[in-house]
Amino acid sequence: MAKKNETMETPASSPTAGAKTKNSANALAAKLKTRRLRTVVGAVVFVGMAAGLIVGVSMGTMSGFGWDTFSMLCPLGALGTMIATKTIIPRAVVSLLLIAALVLVFGRAFCSWLCPTMLIDRIRDFFRSPKKRRELEEKKSSEIKAISQQELASLKAARGGHACGACGKCQTVHHGKVDSRHAVLGGALLSTAVFGFPVFCLVCPVGLSFATVLVIWRAFAHGDATIGLILIPAMLVIELVVLRKWCSNFCPLSALMNLVGRFSRTFVPTINDEKCLETARATSCSKCAEVCDADINIRHPEFGLRTMADCTRCRNCVDVCPTHAITMPVFVGKKAGKTVVEIPDPVMDDLEPKLD
């Protein structure tokens with residue numbers, strides 16, 4: 001009896017607990033490895049472009065990159081320019097077509113690999129207190145695991161009828177919130193038509209990021225201190241710090257990419273149901289949803305705030321999956337994410353006591 005109590009008091013010393021801790025640490029290390037790579041890639045590109053602006057050999061910024069006629073414009077800026085001028089601009093049309101092709105292949109990869117707002121988010125997370133970081137992680141984890149438990153419960157309830165309880169016949173499907181980004185996109189295009197110039201370009205965080213570098217450089221290098229030295233960084237802080245979750249709730253550029261990303265079938269995260277803990281072992285996991293920066297629930301897309309059209313190809317879900325059930329194939333012939341499956345009776349028999 002004493003041995004039993006001793007074991008219960010020190011669960012971390014058991015082989016099973018040690019294995020779980022090690023697996024969790026390995027999964028976290030894998031996730032951070034990709035995240036660090038994306039941060040490095042974004043930082044190198046941003047610093048390179050900013051340095052080019054400072055020394056005067058710039059090839060442009062992410063709002064417009066290239067040489068003379070061989071350039072690629074921001075799709076929102078290109079569309080806004082044509083609306084403002086009420087003319088078809090060949091360079092703008094070519095830019096839109098090129099961006100559309102890239103989004104069809106890589107989705108919103110720009111958001112997770114190159115966008116300056118991603119770097120600002122990393123800085124903000126770095127200075128966030130461990131307690132606050134833990135609270136946010138626990139809140140998101142509890143919400144997502146509740147969805148997983150509901151799915152497993154519905155599977156149990158559906159055994160006498162049809163195969164899957166998440167099809168909407170057993171329980172009401174909760175769709176995501178109204179996408180406010182498309183309202184911002186509509187407002188940006190409407191204001192462009194009304195005022196005759198791309199209004200959103202004045203407050204675009206991508207442009208403001210490079211403008212902040214320039215005004216700070218001019219202030220220190222040439223003593224050129226203007227009101228922009230305060231105004232431009234302040235606007236950037238308001239958008240990305242005060243307006244929380246700018247990318248998922250306000251960014252019209254991500255809304256524009258979302259419209260094209262709906263048709264993307266390449267490099268989309270796909271779940272192998274034979275390996276997924278939830279379908280193969282009827283075990284609540286949802287780690288892929290917990291680490292998704294785009295708020296996509298890959299296992300249960302009908303319950304998530306966002307759909308696969310918003311996938312940024314960040315690979316967090318691939319790296320963190322404990323059974324390596326998620327891959328990003330070159331081409332996905334069917335709809336990615338969750339598929340309708342039937343959990344075998346032996347597994348459901350083991351599941352019943354857990355749900356009861």
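This briefing walks you through the cysteines, open spaces, aromatic rings and a few notable residues of the structure above. The model is predicted, so please read every value below as computed from that model. A search of the whole structure turns up zero disulfides, six cavities of 30 Å³ or more and five aromatic pairs.

**Cysteines without partners**

- Zero disulfides were found when the whole structure was searched. Cys115 is in no disulfide, and the nearest cysteine sulfur, that of Cys247, is 5.8 Å away.
- A disulfide requires two cysteine sulfur atoms within 2.5 Å, so the 5.8 Å between the sulfurs of Cys115 and Cys247 does not qualify.
- Is Cys115 buried or exposed? Cys115 is buried, because its relative accessible area is 7%, and buried means under 20%.
- Cys204 tells a similar story: the closest cysteine sulfur belongs to Cys74 and lies 5.9 Å from the sulfur of Cys204, which is too far for a bond.
- Cys204 also counts as buried, with a relative accessibility of 12%.

**The second largest pocket**

- This pocket holds about 530 Å³ of space.
- Its lining is made of 23 residues, and those nearest the centre are Met72, Ile99, Leu102, Phe110 and Leu114.
- Which helices and strands supply at least two residues each to the lining? They are helix 2 (15-55), strand 3 (70-73), helix 4 (90-106), helix 5 (109-113) and helix 12 (252-261).
- Helix 4 gives the largest share of the lining, with four residues.
- By class, the lining of this pocket has 20 nonpolar residues, three polar ones and no charged ones.

**Two enclosed cavities**

- Now for the cavities, of which six have 30 Å³ or more. The largest has a volume of about 130 Å³, and the second largest has about 110 Å³.
- The largest cavity is lined by 14 residues, with Cys276, Cys285, Cys288, Cys321 and Ile326 nearest its centre.
- Helix 13 (277-280) and helix 14 each supply at least two residues of the lining of the largest cavity.
- The lining of the largest cavity divides into nine nonpolar, two polar and three charged residues.
- The second largest cavity has 15 lining residues, and Pro269, Cys292, Cys311, Cys314 and Cys317 lie nearest its centre.
- Sorted by class, the lining of the second largest cavity has 11 nonpolar, two polar and two charged residues.

**Aromatic rings**

- A pair of aromatic rings is described by the distance of the centres and the angle of the planes.
- The count comes to five aromatic pairs. One of them joins Phe126 and Phe127, whose ring centres are 5.2 Å apart and whose planes stand at 90 degrees, so the pair is edge-to-face.
- Both Phe126 and Phe127 are exposed.
- How are the rings of Phe200 and Trp246 arranged, and what are the distance and the angle? Their centres are 6.4 Å apart and their planes are at 10 degrees, so this pair is stacked.
- The pair links distant parts of the chain, 46 residues apart: Phe200 sits in the loop between helix 8 (180-195) and helix 9 (205-221), while Trp246 belongs to helix 11 (residues 246-249).
- Phe200 and Trp246 are both buried, and together with Phe250 they form one aromatic cluster.

**Residues in two loops**

- The loop between helix 12 and strand 4 (270-271) contains Phe267. Phe267 has a positive phi of about 55 degrees, although it is not a glycine.
- Phe267 is partly exposed, at 27% relative accessibility.
- Ser264 lies in the loop between helix 12 and strand 4 too, but Ser264 is buried, with a relative accessible area of 5%.
- The side chain of Ser264 reaches the backbone oxygen of Leu104 at 2.8 Å.
- In the loop between helix 14 (287-290) and helix 15 (316-320) you will find Arg315, another residue that is not a glycine but has a positive phi, here of about 75 degrees.
- Arg315 counts as partly exposed at 34% relative accessibility.
- Cys292 also lies in the loop between helix 14 and helix 15, and Cys292 is buried at 11% relative accessible area.
- Although Cys292 and Arg315 are 23 residues apart along the chain, their C-alpha atoms are separated by 8.7 Å.

Methods: Residues numbered from 1 in each chain as written. Predicted model: local features only at pLDDT ≥ 70, side-chain atom pairs only at ≥ 80, totals over all residues. Heavy atoms only, no water. Buried < 20%, exposed > 50% of the residue type's maximum accessible area, 1.4 Å probe, protein only. 1 Å grid on protein atoms, 1.4 Å probe; cavity = no way out; pocket = protein on both sides within 12 Å on 5 of 7 lines; lining within 4 Å. Points joined across faces, edges and corners; volume = space filled by probe spheres on them. Nonpolar A, V, L, I, M, F, W, Y, C, P; charged D, E, K, R; others polar. Phe/Tyr/Trp six-rings, centres within 6.5 Å; stacked < 30°, edge-to-face > 60°. Polar contact = N/O pair within 3.5 Å; in protein donor to acceptor, adjacent residues only side chain to side chain.
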